[in-house]
Amino acid sequence: MPRTTANVAVGKRQLELSNLNKVLFPESQITKAELIEYYLKAAPTILRHIKGRPLSLVRYPDGIERTKFFQKNRPDWAPAWMEHISLGDTEKVDYVVAAEPASLVWLANLACIELHQMHGRAPHYDKPDYMAFDLDPPQGFPFPQVIAIALPLRELLESLGYHCFVKTTGGKGVHLLAPVEPQWSFDQVFEAAKQVARDFTAAHPQTTTLELRKAARGARVLVDIYRNRPYQTIVCPYSVRGRPRAPVSMPLSWEQLERTADPATFNLRTAVDRLNREGDPWEAMGSYATALHTEKRSPVRRAAAKKPSGQSARPLRAYAEKRSFDQTPEPRPKLAAEGNRQFVIHRHHSSRLHYDLRLERDGVLKSWAVPKGMPPRPGIKRLAVAVEDHPLSYVNFEGTIPEGQYGAGRMWVFARGKYELTKEKKDGFYFR
Ligand code: ATP
Ligand code: MN
C-alpha cells in the first residue's frame, strides 16, 4: 500500500498531505494523489493565468459522485502564507488567491477539484482584464456544432479589433475570452459584450440565443455574457472538472479546436503531456489586451481634452524640431491611435552607452534616458531623465542614427512589452 499521508516541501512551504489514496473519480480510479500531482505539474502555467485573481473553489471531499460544495471564503485553517483578498459591496467574502505552486497543492489536498476565477486581478479587482463569452449548448448538442458557432463569434470579435482566445470548459461548451485593458468597469465590459452578443445572435437566430430560460432556448446555444459581472466566475484555464474522466478546461489554438471531436480527451491524465509538447496557447495573453470597441476615443480628442502638461502643446513638436527626417532613419512624428500601454527599452550607443525607457501614454511614447544602468531587480531605483516624447512607432525602431544627427549612434530594442499603471499622482505615476 502506498502511504496515505505525506509531509512534503513545495517551494519554501511545508505541507501535510492526507488521504492520498482516496479515489475522487471512481470511474477512472483517479486518486487525490493524482489530482495533487496534476496541479503541481501544471502549476507554472496555471499560475500565470490566475495570479492575483480571487478564486471560488469547488470541493468534492468524497469524490465526484458524492456531495460537492462551492467554497468562496478562504477556509479558516488555511496556512498564513495563503494569499487572500476580502471583496464585496455589502457582504465581504475573503477569497483565496493562488500565488505559488504550494497554494495549488494545498487546495488539491482539500479535494478542491475545480478552481473558478474572477475576471479582475490585483490591483484592479473591479476592472476585468478580458471579456468572456460562455457558449452553453443544450443537452446532446454535438461538439463540432459548438465549434461551428465559436468560429464566427471569433470572427466578429476580431473584426471589432479584439484578439480572441478559446478553451474547452471541461463540460459541453467552450469559453471565448477577448483580453481588454483593465481600464473599464464591469458595466462597461458587460455593455460591450452585450452589443457583440446581440449582433451575433441576430445574425445566427437559428442556432444561438441570449435567452437564459432553458425552455425558451430550445435547441439553440446560449451565448452567456452574464458572466461579465462583478463576483461572477468562469472555470480557470487548466482546472480539472468534477465530472467523469476528469476533463480539464483546456486552452487551445483555433486550429486545435477545429480538430477536437471530444473535449473530454483533454483530461487530468493527458493535459500536462500536451502542455509540455505543444506549449500554452494562451501564453502572454495579457499582451493582446485591447480597448473596448465601445470605448475607443480618437487620440486627437483625447489630446485636445488634456491640458498641455509642461511639454509643448503640439504633440511631438520637440521631437520633430531636433531631427531632420531626410537624414535620420527614425520615424516621423505622428500621434497614434488609442493606446494599449506598450513599453520599450532601447539600448542606445550614442556618445555614451545608455538605456532609454519609453512608455506609451496619450498617443506618444513618454521617454526617459537611463544613464546609470538599469535597475538589477525590482525595488532598486535608478536615475531616469525625462526627454522629449517620441512617436509610438518608435517602439519598433532599431538602427543607426547618422553622425551629426541628434542622438547619433546605434539603437537596439533591449526589451519590449506592456506595462501597467499602479498609481497615479498629480506629479507623476507609478507603473510596473
Ligand atoms: P459547460 O460547458 O458545461 O457549460 P461551464 O464551466 O461553462 O461548462 P456553466 O454551468 O455554463 O459551466 O457555468 C459557467 C460558469 O459559471 C462556471 O464555470 C462557474 O465558474 C460559474 N458557476 C456555475 N455554477 C455556479 C454556482 N453554483 N456558483 C458559482 N458559480 C457558478
Ligand atoms: Mn458554460
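## A tour from loop to metal site

Start at Gln-29, which sits in the loop between strand E3 (23-25) and strand E4 (30-31). Look at its backbone: phi is positive, about 55 degrees, although Gln-29 is not a glycine. Keep in mind as you click around that this is a predicted model.

**Next, two more backbone stops**

Select Ala-246, in the loop between E15 and strand E16 (251-252). Here too you'll find a positive phi, about 50 degrees, on a residue that is not a glycine. Is Ala-246 buried or exposed? With 0% relative accessibility, Ala-246 counts as buried.

Now jump to Pro-123, found in the loop between strand E9 (112-117) and strand E10 (130-136). Show the peptide bond leading into it from Ala-122: that bond is cis, with omega near 0 degrees.

**Over to the metal**

Select the manganese ion (ligand 2) and bring up Asp-134 and Asp-136. Their OD atoms coordinate the ion, with Asp-134 listed twice and Asp-136 once, at 2.0 to 2.6 Å. The site has six donor atoms, and the angles among them run from 54 to 163 degrees, an irregular arrangement. For reference while you judge that by eye, six octahedral donors would ideally give 90 or 180 degrees.

Colour the two aspartates by accessibility. Asp-134 is at 8%, so it counts as buried. Asp-136 is at 23%, so it counts as partly exposed; the cut-off for buried is under 20%.

**Stay put and show ligand 1**

Which residues come nearest to ligand 1? There are 15 residues around it, and the nearest are His-116, Asp-136, Thr-169, Gly-173 and Arg-241.

Three polar contacts are worth drawing:

- Asp-136: a side-chain N or O atom is 2.7 Å from an oxygen atom of ligand 1.
- Asp-134: a polar side-chain atom lies 3.0 Å from an oxygen atom of ligand 1.
- Lys-172: here a backbone N or O atom lies 3.1 Å from an oxygen atom of ligand 1.

So both metal-coordinating aspartates turn up again here, Asp-134 and Asp-136.

**Now the aromatics**

Turn on the Phe, Tyr and Trp side chains. How many aromatic pairs does the structure hold? Eight.

Pick out Phe-165 and Trp-282. Their ring centres are 6.3 Å apart and their planes meet at 80 degrees, so this pair is edge-to-face. Phe-165 belongs to strand E11 (residues 165-168), while Trp-282 is in the loop between helix H7 (271-278) and helix H8 (299-305), so the pair ties together parts 117 residues apart in sequence. Both residues are buried.

Move on to Phe-190 and Tyr-226, a tilted pair at 5.9 Å centre to centre with 45 degrees between the planes. Phe-190 is in helix H4 (residues 186-203) and Tyr-226 in the loop between strand E14 (221-224) and strand E15 (234-235), so this pair links parts 36 residues apart in sequence. Phe-190 is buried at 5% relative accessible area, whereas Tyr-226 is partly exposed at 29%. Before leaving, add Arg-229: it lies over the face of Phe-190, 3.9 Å from the ring centre.

Then select Tyr-319, Phe-325, Tyr-394 and Phe-397 together, as they form one aromatic cluster.

**Last stop**

Finish at Thr-260, in the loop between helix H6 (254-258) and H7. Thr-260 is buried, with 7% relative accessible area. What does its side chain reach? A polar atom of that side chain lies 2.8 Å from the backbone oxygen of Gln-256.

Definitions and conventions: Residues numbered from 1 in each chain as written. Chains lettered and ligands numbered in written order. Predicted model: local features only at pLDDT ≥ 70, side-chain atom pairs only at ≥ 80, totals over all residues. Heavy atoms only, no water. Donors = N, O, S within 2.8 Å, 3.2 Å for Na, K, Ca; no water. Tetrahedral: all angles 85-135°; square planar, octahedral: opposite > 155°, others 65-115°. Buried < 20%, exposed > 50% of the residue type's maximum accessible area, 1.4 Å probe, protein only. Phe/Tyr/Trp six-rings, centres within 6.5 Å; stacked < 30°, edge-to-face > 60°. Helix = DSSP H or I, 4+ residues; strand = E, 2+ residues; numbered from the N terminus. Lys NZ or Arg CZ within 6 Å of the ring centre and 35° of its normal. Near = heavy atom within 4 Å. Polar contact = N/O pair within 3.5 Å; in protein donor to acceptor, adjacent residues only side chain to side chain.
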